[in-house]
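Subject: Structure for you to look over

Dear colleague,

I am handing over the structure we spoke about, with the sequence alongside. Please open it first, and then read the notes underneath.

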Amino acid sequence: MGIQSVSIIGLGALGVLFGNQLSKTMPVNSLRIIADRLRITKYEREGVYSNGERCHYSYFAPEEKVVPADLLIFAVKYDGLAEAMVAARNHVGENTIIMSLLNGISSEEMIGRAFGQEKVLYTVAQGMDAVKVGNQLTYHHRGKLCFGDGEQGIISSKVRAVAELFKKTGVPFEIDTDMKKRQWGKFMLNVGDNQTVAVYKGSYGCIQQEGEARDTMISAMREVIELSKHEGVTLTEEDLAYWLNVLAGLSPLGKPSMAQDIEAGRRSEVELFSGTVIRLCEKHKCPIPPTNTWLYENIKEIETQFV
């Protein structure tokens, strides 16, 4: 029968972006948005919009008893993952496939410990330039979901089932048989673009053109390349060029998620980016990464001004 039901937890930029696409082609109630009752009331009253179009979702509170989903997608921030895993428990059954759209390199392992690693597909969301303000999401490039198995070189029945769903529903995707390297490449980009745009208070445009901000971004990314050698991944300058090319295709007016958080006075995912780089360098007894340390300290200083 393939995947007949999908549950999503998290209506940030990615949850809205891909949830809206799924909602257009899936039967009513086969796409389920998990949210607490206060959020549900707000969503139903104010609406959720994607490029000016109101999204039509079926909402389910965490305590509601439901038939487990065929596919569960986590689209929350990293600091909300633990709470989200508890909220999504009723949607997980023996055969549920789980995907995480979170930034970083650790969410799949956390989800696997909670629900079983055999349920988890490794996933990277890339190429989107979505900006979400309040209940309004805007974007020029929708990007795609790259996913695959944790084990290198195979394409499992789970991967094929998700690919078939995405083909039917029009969700852009790519299957990758080396997801660890893909995740580290996206991590490298996030370490560079998210933090640099946040510190320089700009948009993608400020790092797409030559100048101090772009130099800072590339320096931070090269520190991840050096670190990756100690993690058994071995990113190269070729990988750097690939991700810079992905960045070049984004709208210069768009902003990465960390810049959006900083502008809104929200705590950022700095611990997930430069914080992780610094801790892993300490673990492997690598030299202190100067650019990531500078970015970390600047973002932490900005956050001290938040109420």
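The notes below go through the nonpolar cores, one strand and one helix.

Please bear in mind throughout that this is a predicted model.

I begin with the largest nonpolar core, which holds 44 residues, and in which Trp184, Met188, Ile207, Met221, Val224 and Leu247 touch the most other members. Two or more residues are given to this core by each of β8 (120-126), α6 (179-200), α7 (205-208), α8 (212-228), α9 (237-248), α10 (257-263), α11 (274-283) and α12 (290-303), and the largest share, nine residues, comes from α6. If residues up to four places away in sequence are not counted, Ile207 touches Asp193, Thr196, Val197, Ala213, Arg214, Met217 and Leu247. Another core, of 38 residues, lies apart from the largest one, and Leu31, Cys55, Leu71 and Ala163 are among its members. As general background, nonpolar side chains in soluble globular proteins tend to be buried together.

The strand I would look at next is β8, where seven of the seven residues are buried, so that β8 is largely enclosed by the rest of the structure. Both of its faces are covered, with Val120, Tyr122, Val124 and Gln126 buried on one side and Leu121, Thr123 and Ala125 buried on the other. Which strands pair with β8, and in what sense? Strand β7 (residues 97-100) runs parallel to β8 and is joined to it by two bridges, with Ile98 having Val120 as its bridge partner. Between these two strands the chain passes through helix α4 (residues 107-115), in a β-α-β crossover that is right-handed. Strand β11 (residues 144-148), in turn, pairs with β8 in the antiparallel sense over five bridges, and there Gly148 of β11 stands opposite Tyr122.

Finally, helix α5 (residues 157-169) has 13 residues and reaches 18 Å from its first C-alpha to its last, which is close to the 18 Å expected at 1.5 Å a residue. Its buried residues are Val159, Val162, Ala163, Leu165, Phe166 and Thr169, and because they cover an arc of only 160° around the axis, they lie on the same side of α5. An α-helix has 3.6 residues a turn, so residues three or four places apart point the same way. The face of α5 turned away from that buried side carries the exposed residues Ser157, Lys167 and Lys168. After α5 comes Gly170, whose phi is positive, near 80°.

With best wishes

Conventions. Residues numbered from 1 in each chain as written. Predicted model: local features only at pLDDT ≥ 70, side-chain atom pairs only at ≥ 80, totals over all residues. Heavy atoms only, no water. Core = buried A, V, L, I, M, F, W, Y, C linked by side-chain atoms within 4.5 Å. Buried < 20%, exposed > 50% of the residue type's maximum accessible area, 1.4 Å probe, protein only. Helix = DSSP H or I, 4+ residues; strand = E, 2+ residues; numbered from the N terminus. Contact = heavy atoms within 4.5 Å. Pairing = 2+ DSSP bridges. Right-handed = clockwise from strand over helix to strand, strands pointing away. Expected span 1.5 Å × (residues − 1). Arc of directions from axis to C-beta.
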